[in-house]
Amino acid sequence: MYAPKCLVLVSRLDYIETFRNCLGIIYCVYVENMPVPLETLVGNILGCIQVPPPGGPQVRFSIGAGDRQALQPPLSPSLPVTHTSVNLLFQQLGIRNVITLFCAIMTEHKILFHSKSYNRLTEACRALTALMYPFRYTHVYIPLLPAPLVEVLSTPTPFIMGVHSSLRSEVAELMDVIVVLF
């Protein structure tokens, strides 16, 4: 019987590129049937990487598949690391729409992003919360809401969520939500 596999890294740390690289290496090892056990790779990610403190030096490591990874800690623990996500948000939505979203997030409105790109959804949600600095978003935050949980959108509390564009018909009837399409 065929059973699809899925591997997800969940972390409180914001090293998206490094995690993406690690998942890519695990995928390559699996697809190419390399003689490295997947459990070893996952175990090395979980237990063998020493994360430096904010402002610390860059750390280089390998997860055990002949790879070379690097972790560069942020200079400040409180400043959000956005890379290019804020720039992309302004490019994709324009300054007026971003200002409207900023006002909505600061006044605790419900904000729903939907796009065909999961990466854009994640980056847009991260960028919007980064714009709040020095404030922190404390309400429901789900950058990628799975289709089976779409009923969560009817929650009475403020939120920032992202859904795939294939769910457009299911979110069309939401009345008190600011919907952003890109």
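**Figure 1. Order of the secondary-structure elements along the chain.** Read from the N terminus on, the elements of the chain run α-α-β-β-α-α-β-α-β-β-α-β, which amounts to 6 helices and 6 strands. The model shown here and in the following views is a predicted one. Taken along the principal axes, the box filled by the C-alpha atoms of the chain is roughly 55 × 50 × 30 Å, and 35% of the 182 residues of the chain count as buried.

**Figure 2. Close-up of the largest pocket and its lining.** The space in the largest pocket comes to about 1800 Å³. Its lining is made up of 45 residues, of which Leu13, Asp14, Tyr15, Ile16 and Arg126 are the closest to the centre of the pocket. Helix 1 and helix 5, the latter spanning 118–131, each supply at least two residues of this lining, and helix 5 gives the most, with 7 residues.

**Figure 3. Close-up of a nonpolar surface patch that includes Tyr30.** Tyr27, Tyr30 and Val31 together form a nonpolar patch on the surface, and their accessible area, taken together, is about 330 Å². Tyr30 belongs to helix 1, which covers residues 16–31, the helix that also supplies at least two residues of the lining of the largest pocket shown in the preceding view. With a relative accessible area of 41%, Tyr30 is partly exposed, a class that lies between buried, under 20%, and exposed, over 50%.

**Figure 4. Close-up of Cys28 and the cysteine sulfur closest to it.** The closest cysteine sulfur to that of Cys28 is in Cys22, at 12 Å, and because this is too far for a bond, whereas a disulfide requires two cysteine sulfur atoms within 2.5 Å, the two residues are not counted as a disulfide pair. Cys28 itself is partly exposed, its relative accessible area being 35%.

**Figure 5. Close-up of Cys103 and the cysteine sulfur closest to it.** For Cys103 the closest cysteine sulfur is that of Cys125, and the separation of 18 Å is again too far for a bond. Cys103 has a relative accessibility of 42% and therefore counts as partly exposed. With the cut-off of 2.5 Å between cysteine sulfur atoms, the count for the model comes to 0 disulfides.

Conventions. Residues are numbered from 1 along each chain as its sequence is written. This is a predicted model: local features need pLDDT of at least 70, side-chain atom pairs count only at pLDDT 80 or more; totals for chains, interfaces and linings use all residues. Side-chain values use heavy atoms; hydrogens and water are left out. Patches are made of residues with over 30% relative accessible area and no salt bridge: like charges are joined within 9 Å, nonpolar side chains (Val, Leu, Ile, Met, Phe, Trp, Tyr) within 5 Å. Accessible areas come from the Shrake-Rupley method with a 1.4 Å probe; for residues, only the protein chains shown count as cover. A salt bridge is a side-chain nitrogen of Lys or Arg within 4 Å of a carboxyl oxygen of Asp or Glu. Helices (H or I, at least four residues) and strands (E, at least two) are DSSP runs, numbered from the N terminus. Buried means under 20% relative accessible area, exposed over 50%, partly exposed in between (1.4 Å probe, protein chains only). On a 1 Å grid over the protein atoms alone, a cavity is a set of points where a 1.4 Å probe fits but cannot get out, and a pocket is an open set with protein on both sides within 12 Å along at least five of seven lines; lining residues have an atom within 4 Å of a point. Grid points are joined across faces, edges and corners, and a volume is the space filled by probe spheres set on the points.
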